[in-house]
Amino acid sequence: QVQLVESGGGLVQPGGSLRLSCAASGRTFSSYTMGWFRQAPGKERELVATITSGGSTYYAYSGKGRFTISRDNAKNTVYLQMNSLKSEDTAVYYCNARVGPMSSVDLGSWGQGTQVTVWE
């Protein structure tokens, strides 16, 4: 199974920015569709953004205009740049991988993620 390690979360004031990183294992990382997800207490995990092996991106409504997903295949890493953060962005953020944009099988396990807290 693909191993994934998220980092970059922290405490930030409303309107601030964070850049999350997800380091992945696997020789075929460049072929994966990567995604960022988040889960707030008492809520289901939700999709934030995805990026395909070809660089095509998708953003959920909550992140449109504020978040940017990117990848560096040489480093086996996917990033999520988060700007203009709001209190409702507070959640644990996870990444995962799939073989393609139409796949429903997660290649990695859901780890600890990285905590993002937006608060004065």
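**Entry 1: E6**

I looked up E6 and found it buried, with a relative accessible area of 10%. The cut-off for buried is under 20%, so E6 falls inside it at 10%. I note here that the model is a predicted one. E6 sits in strand 1, which covers residues 4-7.

Which residues touch E6, once neighbours within four places in sequence are left aside? I listed S21, C22, W36, Y93, Y94, C95, G113 and T114. I then checked the C-alpha atoms of E6 and Y94 and got a separation of 6.6 Å. Along the chain these two residues are 88 residues apart.

**Entry 2: strand 9**

Y94 led me to strand 9, residues 91-98. How many of the 8 residues in strand 9 are buried? I counted 7, and the strand is mostly covered.

I looked for the pairing partners of strand 9 next. Strand 4, residues 33-39, pairs with strand 9 in the antiparallel sense, over 7 bridges. In this pairing I found M34 opposite A97 of strand 9. Strand 10, residues 114-118, also pairs with strand 9 in the antiparallel sense, here over 3 bridges. There Y93 stands opposite T114 of strand 10. I had already met Y93 and T114 among the contacts of E6.

**Entry 3: strands 4, 5 and 6**

I followed strand 4 to another partner. Strand 4 and strand 5 are antiparallel and share 5 bridges. I noted that R38 has E46, in strand 5, as its bridge partner. The hairpin of these two strands has 6 residues between them. Within this hairpin I found G42 with a positive phi near 80 degrees.

From strand 5 I went on to strand 6. The two pair in the antiparallel sense over 3 bridges. A49 has Y59, in strand 6, as its bridge partner. Which residue takes a positive phi in the hairpin of strand 5 and strand 6? I found G55, with a value near 95 degrees. This hairpin has 5 residues between its strands.

**Entry 4: T52**

I stayed with the loop between strand 5 (46-51) and strand 6 (57-59), where T52 is found. Is T52 buried or exposed? T52 is buried, with a relative accessible area of 15%. I looked up its contacts beyond the neighbours within four places in sequence, and they are Y32, T33, R71 and P101. One of these, T33, belongs to strand 4, given as residues 33-39.

**Entry 5: the chain as a whole**

I ended with the totals. The protein chain has 10 strands and 0 helices. Read from the N terminus, its elements run β-β-β-β-β-β-β-β-β-β. The radius of gyration is 13 Å, close to the 14 Å that the globule rule gives for 120 residues, so the chain is as compact as a globular protein of that length. I took the box filled by the C-alpha atoms along the principal axes and got roughly 40 × 25 × 25 Å.

Of the 120 residues, 45% are buried. I also looked at contacts with a separation of 6 or more, and residues 24 or more positions apart account for 53% of them. E6 and Y94 are one such pair in contact, being 88 residues apart along the chain.

The exposed area of the chain is about 6,600 Å², and carbon and sulfur atoms supply 49% of this. I recorded 11 positive and 8 negative side chains. The centres of the two sets lie 6 Å apart.

Technical notes:
Residues numbered from 1 in each chain as written. Predicted model: local features only at pLDDT ≥ 70, side-chain atom pairs only at ≥ 80, totals over all residues. Heavy atoms only, no water. Helix = DSSP H or I, 4+ residues; strand = E, 2+ residues; numbered from the N terminus. Rg over C-alpha atoms; globule rule 2.2 N^0.38 Å. Buried < 20%, exposed > 50% of the residue type's maximum accessible area, 1.4 Å probe, protein only. Contact = heavy atoms within 4.5 Å. Areas by Shrake-Rupley, 256 points an atom, 1.4 Å probe, with all protein chains shown as cover. Lys, Arg positive; Asp, Glu negative; His and termini not counted. Charge placed at Lys NZ, Arg CZ, Asp CG, Glu CD. Pairing = 2+ DSSP bridges.
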